[in-house]
Amino acid sequence: MTTSSPPETLLQLSSAHVSARALHVIAELGIADLLDEEARTIDQLTAGAAVDADGVERLLRLLESHGVFARDHSDRWQHTEASRWLRSDHPMSMRALSRMMGMPFGWGSFTALDHAVRTGKPSIRTLHPEGAWAYLEGHPDQQAIFQQSMTAKAQDDIPAILAAYDFSRYQRIADVAGGRGHLIRSVLDCYPDLAGVLFDLPRVADEVPPEARLEVVSGDFFVDRLPVCDAYLLMNVLHDWDDKDVNRILRAIAEAGRPSGATVLVLEVVLPDGPAPHWSKVLDVMMLALTGGRERTLGEYEALLTTAGMQLLRLIPTTTPLSIIEARV
């Protein structure tokens, strides 16, 4: 195993944005969609596209060093396993996520990261004073990419959740702030005896048609009473909020779920102890910049659950970075 010297480590870190930005641009241009099973020269690959072939090739050469795209002995470009995930037609495409990271919503927020560190307020507020969701509301093109990226991520996480957890003991499950219902629909598909409730803000819920076993309820968990169920799902919700607001959310769920002794399933990436690299540490800084929320350790989640009148039962890992924190009201 090769260990970098301290100067090499700092050089790699201080220039890491170059590779990231190259990926953003290649994803935005849809280069992966232009490359199929047949290897192509850069001129063939960019023919008809409004790009500079030399510039594209230099970005591809950088990404190649990370295993994204490859060039054969004839100077023809071809896919690697990683670059295929940038195709729009990949079943779990990461193109939208890469585009989201590079659009002003993401890249602009990190350019102003010092604002969050100096003020304690998310740096997205340098783009919009009311924060991330207001910014996206005012930029529907970026909001569409954001939604695509969240949907694609869910396609990876949801099978892992279903493989790790048995939902058969429940009768009625609420997916709180569940967006367009990808998770609750998948649960209902696997458990035909269950009923489900999708609870989200009116601007989201009003666009989701109800189904035979899925009730769609519009509301705000800071204001409106949540539906009575025997289980509640919170997938990638609590990390968007600071501890004060998380407490308000959990207390609202506890109030609704107390009569049935409901189970609460918090689906989040949990911060591990120790200094080793982990996706949660990257995600935590993203929350610092974008939402004002944070990633948390299991101990921090337990403290929040206890304060809201819940009991932590167990932590269930999945095959993705997402974990299932099971608690009871």
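## A walk through the predicted model

R21 sits over the face of W107, at 5.2 Å from the ring centre. That is a nice place to start looking around, but keep in mind that this is a predicted model.

**Rings meeting rings**

Let's stay with aromatic side chains for a moment. How many aromatic pairs does the structure hold? There are 9 aromatic pairs in total. Take F105 and F146: their ring centres are 5.7 Å apart and their planes sit at 75°, so this pair is edge-to-face. The two partners come from distant parts of the chain, with F105 in helix α8 and F146 in helix α11, 41 residues apart. Are they buried or exposed? F105 is buried, and F146 is buried as well.

Now compare that with F222 and W241. Here the ring centres are 5.0 Å apart and the planes are at 80°, so you are looking at an edge-to-face pair again. F222 lies in the loop between β5 (214-218) and β6, while W241 lies in the loop between β6 and α14, so the pair ties together parts that are 19 residues apart in sequence. F222 counts as partly exposed, because its relative accessibility is 22% and the cut-off for buried is under 20%. W241 is partly exposed too, at 22% relative accessibility.

Ring pairs can also join up into something bigger than a pair. F105, W133, Y135 and F146 are linked into a cluster this way.

**Inside the nonpolar cores**

Next, the greasy interior. As a rule, nonpolar side chains in soluble globular proteins tend to be buried together. In this model, the largest nonpolar core has 31 residues, and L234 and L250 are the ones with the most contacts inside it. Which elements give two or more residues to this core? They are the strands β3 (172-176), β4 (195-200), β6 (231-235), β7 (263-271) and β10 (322-328), plus the helices α14 (243-257) and α16 (298-307). Helix α14 provides the largest share, with 7 residues.

Zoom in on L234 and you can see what it touches. Leaving out residues up to four places away in sequence, L234 touches V176, I249, L250, I253, V264, L265, V266 and L267. Apart from this core lies another one, made of 29 residues, among them Y165, Y191, L198 and A231.

**A wrapped-up helix**

Helix α7 (residues 95-102) is worth a look too. Of its 8 residues, 6 are buried, so the helix is largely enclosed by the rest of the structure. Which residues of α7 are buried? They are R95, A96, S98, R99, M100 and G102. What covers these buried residues includes α2 (16-29), α3 (31-34), α8 (104-111) and α11 (140-164).

**The second largest pocket**

Helix α7 turns up again at a pocket. The second largest pocket has a volume of about 940 Å³. Its lining is made of 23 residues, and A20, H24, M101, W279 and V282 are the ones that lie nearest its centre. The elements that give two or more residues to this lining are α2, α7, α8 and α15 (279-290). Which element gives the largest share of the lining? That is α15, with 5 residues.

**Two unusual backbone angles**

Time to check the backbone. Most residues other than glycine have a negative phi. Two residues here have a positive value instead, as the table shows.

| Residue | Phi |
|---|---|
| F69 | near 70° |
| A177 | near 55° |

F69 is found in the loop between α5 (53-64) and β1 (70-71). Its surroundings leave little of it open: F69 is buried, with a relative accessible area of 1%. A177 is in the loop between β3 and α12 (182-190). With 27% relative accessibility, A177 counts as partly exposed.

**One last stop: D242**

Finally, go back to the loop between β6 and α14, where D242 lies. At 36% relative accessibility, D242 counts as partly exposed. Which residues is D242 in contact with, leaving aside its neighbours within four places in sequence? The partners are G292, G293 and R296. P202 is a different story: D242 and P202 are 40 residues apart along the chain, and their C-alpha atoms are separated by 23 Å.

Technical notes
Residues numbered from 1 in each chain as written. Heavy atoms only, no water. Core = buried A, V, L, I, M, F, W, Y, C linked by side-chain atoms within 4.5 Å. Buried < 20%, exposed > 50% of the residue type's maximum accessible area, 1.4 Å probe, protein only. Helix = DSSP H or I, 4+ residues; strand = E, 2+ residues; numbered from the N terminus. Contact = heavy atoms within 4.5 Å. Phe/Tyr/Trp six-rings, centres within 6.5 Å; stacked < 30°, edge-to-face > 60°. Lys NZ or Arg CZ within 6 Å of the ring centre and 35° of its normal. 1 Å grid on protein atoms, 1.4 Å probe; cavity = no way out; pocket = protein on both sides within 12 Å on 5 of 7 lines; lining within 4 Å. Points joined across faces, edges and corners; volume = space filled by probe spheres on them.
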